[in-house]
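Work through the exercises below with the model open. Try each task before reading its solution.

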Amino acid sequence: MLEGRFSFAGCACCGDTPPALVSRRGFLAGAVSVGLSATGSAAWAQSEPATASGQKAHRIDIHHHLAPPNYIPELTSRKTNQRPLVEWTVQKTLDIKGQAGIATSMLSISEPGVWFGEDAEARRLARETNEWGAGLVGDFPGRFGLFASLPLPDVDASLREIAYAMDVLKADGICMMTSYGSKYIGDRS
């Protein structure tokens, strides 16, 4: 059962925002609005990981970026200035989770996403990123969940990737950027 208040710290990848305390009702409303689902998933803590001080980890981080090994060269070759992602490792993530008392982190790709103007390349990057993320979920049961990456603006390929990510990889949801090129998510296309 979710009790008390939750602390949300800023994301180094998305900008430094101050931590905020959110009520249980506010947390649940936010979780529902992003499509967080507890059914059929290993995302919710199944074990009781401990913090660095030995206390039971109890927080759920619903905004945690991952950087699969195949994604890092894409970022560096395109000079995206995403240093936190380029330096990201599983061990650093586990260390931070232990220090912050985070039991479960929902993984998603960060801006700029997987689309760099080429649909075929975006399809490849999305699939590799999703499979790698699903591997982390499997390797660390209860410690990670996955919001799958989509190769938008390729809508047909994105629909196929949603089916694969949800049905085969058992992702917990999907991750979308605010816009792709000059088109926002609400665009008719």
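## Exercise 1: A pair within one helix

Glu128 and Arg124 both sit in helix H5, four residues apart, about one turn of the helix. The model is a predicted one.

**Task.** Find how the side chains of Glu128 and Arg124 meet, and which residues are linked with them in a network.

**Solution.**
1. Start with the principle. Side chains of opposite charge can pair when their charged atoms come close.
2. Apply the cut-off: a side-chain nitrogen of Lys or Arg within 4 Å of a carboxyl oxygen of Asp or Glu.
3. Take the N to O distance. For Glu128 and Arg124 it is 2.8 Å, and the side chains meet in a salt bridge.
4. Extend the search. Glu121, Arg124 and Glu128 are linked in a network of salt bridges.
5. Check exposure. Partly exposed covers the range between 20% and 50% relative accessible area. Glu128 has 29%, so Glu128 is partly exposed. Arg124 has 31% relative accessibility, so Arg124 counts as partly exposed too.

## Exercise 2: Pairs that link distant parts

**Task.** How many salt bridges does a search of the whole structure find? Then describe the Arg123 and Asp154 pair, and the Arg127 and Glu161 pair.

**Solution.**
1. Count. The search of the whole structure finds four salt bridges.
2. Take Arg123 and Asp154. Their side chains meet in a salt bridge, 2.7 Å from N to O.
3. Place the two residues. Arg123 is in helix H5, and Asp154 is in the loop between S5 and helix H6 (155–168). They are 31 residues apart, and the pair links distant parts of the chain.
4. Classify them. Arg123 is partly exposed because its relative accessible area is 34%. Asp154 counts as buried because its relative accessibility is 13%.
5. Move to Arg127 and Glu161. The closest N and O atoms of this salt bridge are 2.9 Å apart.
6. Place this pair. Arg127 is in helix H5 and Glu161 in helix H6, 34 residues apart; again distant parts of the chain are linked.
7. Classify again. Arg127, at 30% relative accessible area, is partly exposed. Glu161 has 4%, so Glu161 is buried.

## Exercise 3: Fold and core

**Task.** Write the order of helices and strands along the sequence. Then find which residues of the largest nonpolar core touch the most other members.

**Solution.**
1. Count the elements: six helices and eight strands.
2. Read along the sequence. The pattern is β-β-α-β-α-α-α-β-α-β-α-β-β-β.
3. Get the buried share. Of the protein's 189 residues, 39% count as buried.
4. Look at contact range. Among contacts with a separation of 6 or more, 69% come from residues 24 or more positions apart.
5. Go to the largest nonpolar core, which has 16 residues. Trp88, Val90, Leu107, Leu136, Phe144, Leu146 and Ala171 touch the most other members.
6. Trace the suppliers. Helix H4 (90–100), helix H5 (119–139) and strand S5 (144–149) each give at least two residues to this core.
7. Note another core, lying apart from this one. It has 14 residues, among them Leu75, Ile109, Phe147 and Tyr180.

## Exercise 4: Two residues and their neighbours

**Task.** Is Ser108 buried or exposed? Which residues does Phe140 touch, not counting those up to four places away in sequence?

**Solution.**
1. Find Ser108 in strand S4 (residues 102–108).
2. Use the threshold: buried means under 20% relative accessible area. Ser108 is at 7% relative accessibility, so Ser108 counts as buried.
3. List its contacts beyond four places in sequence: His64, His65, Leu66, Phe147 and Cys175.
4. Find Phe140 in the loop between H5 and S5. At 25% relative accessibility, Phe140 counts as partly exposed.
5. List the contacts of Phe140 with the same exclusion: Val90 and Leu94.

## Exercise 5: A surface patch

**Task.** Which residues form a nonpolar patch on the surface?

**Solution.**
1. Identify the members: Met166, Ile174, Met176 and Ile185.
2. Take their accessible area together. It is about 310 Å².
3. Place one of them. Ile185 is in the segment after strand S8 (183–184).
4. Classify Ile185. Its relative accessibility is 41%, so Ile185 counts as partly exposed.
5. Set the scale. The protein exposes about 10400 Å², with 55% of it supplied by carbon and sulfur atoms.

Technical notes. Residues are numbered from 1 along each chain as its sequence is written. This is a predicted model: local features need pLDDT of at least 70, side-chain atom pairs count only at pLDDT 80 or more; totals for chains, interfaces and linings use all residues. Side-chain values use heavy atoms; hydrogens and water are left out. Patches are made of residues with over 30% relative accessible area and no salt bridge: like charges are joined within 9 Å, nonpolar side chains (Val, Leu, Ile, Met, Phe, Trp, Tyr) within 5 Å. Accessible areas come from the Shrake-Rupley method with a 1.4 Å probe; for residues, only the protein chains shown count as cover. Buried means under 20% relative accessible area, exposed over 50%, partly exposed in between (1.4 Å probe, protein chains only). A nonpolar core is a set of buried Ala, Val, Leu, Ile, Met, Phe, Trp, Tyr and Cys residues joined through side-chain atoms within 4.5 Å. Contact means heavy atoms within 4.5 Å.
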